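Hi,

Here is the structure I said I'd pass on. Have a look first, and my notes on what turned up are below.

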Amino acid sequence: MIEVCAADAIPAGEGIRVDGDVPVAVFNSGGTLYAIDDTCTHQDASLADGWVEECAVECPLHASCFDLRTGQASGPPARKPVRTHRVVVADGIVYVELSSDPAAVPTAGSLVPS
């Protein structure tokens, strides 16, 4: 598991980026913590910099939205989902257990500015 931060360090409606082999974003949506891969599957943008509403995050680059519970993209331009990860809070500290599923990363063709 990856230690992220103190449980009260992520304000409601916000997210933080956790750097690693595959960057992860941890979001607080209405007091519930969610973790997803941080990189938008459409183009290389940090989802932690996006806007959280309900249980979704909107990518700051081209407005693709991802469900924080499932990782599913809600529509173009992103078509592929992001991975979700298990969040554990123990003794007031947030931890993320990374999914063993393969990561969906932007393809070379999607890195062309749109």
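**Around strand β3**

Val24 sits opposite Asp37 in β4. Keep in mind that this is a predicted model.

That pair belongs to a longer run of contacts: β3 and strand β4 (residues 32-37) pair antiparallel over six bridges. The hairpin of β3 and β4 has two residues between the strands, and Gly30 there takes a positive phi near 65°.

Strand β2 (residues 14-18) also pairs with β3, again antiparallel, with five bridges joining them. One of the matches is Gly15 with Phe27 in β3. The connection from β2 to β3 is a hairpin through five residues.

So how many residues of β3 are buried? Six of the six in residues 24-29, so the strand is largely enclosed by the rest of the structure. Val24, Val26 and Asn28 point one way, while Ala25, Phe27 and Ser29 point the other way, and all are buried.

**The β5-β6-β7 sheet**

There is also an open sheet of three strands, in the order β5-β6-β7 and with antiparallel pairing. β5 (51-53) and β7 (65-67) are at the edges with a single partner strand each, so one side of each has no neighbour in the sheet. On average, and ignoring direction, neighbouring strands of this sheet are turned by 25° against each other.

Strand β6 (residues 56-58) is joined to β7 by three bridges, running antiparallel. Within that pairing, Ala56 has Asp67 of β7 as its bridge partner. The side chain of Asp67 also meets that of Arg69 in a salt bridge, at 2.9 Å from N to O.

**Salt bridges**

Searching the whole structure gives five salt bridges. You know the background: oppositely charged side chains can pair when their charged atoms come close.

Back to Asp37, then: its side chain forms a salt bridge with that of Arg83, at 3.0 Å from N to O. This pair links distant parts of the chain, with Asp37 in strand β4 and Arg83 in the loop between β7 and β8 (84-90), 46 residues apart. Are these two buried or exposed? Asp37 counts as buried at 4% relative accessibility, and Arg83 counts as buried at 12%.

Asp19 and Arg17 make another salt bridge through their side chains, at 2.6 Å from N to O. Here Asp19 is exposed, with a relative accessible area of 60%, and Arg17 is partly exposed at 41%. Both belong to a salt-bridge network that links Arg17, Asp19 and Asp38.

Cheers

Conventions:
Residues numbered from 1 in each chain as written. Predicted model: local features only at pLDDT ≥ 70, side-chain atom pairs only at ≥ 80, totals over all residues. Heavy atoms only, no water. Buried < 20%, exposed > 50% of the residue type's maximum accessible area, 1.4 Å probe, protein only. Helix = DSSP H or I, 4+ residues; strand = E, 2+ residues; numbered from the N terminus. Pairing = 2+ DSSP bridges. Axes fitted to C-alpha atoms, helices over the stretch in contact; angles between N-to-C directions. Salt bridge = Lys/Arg side-chain N within 4 Å of Asp/Glu carboxyl O.
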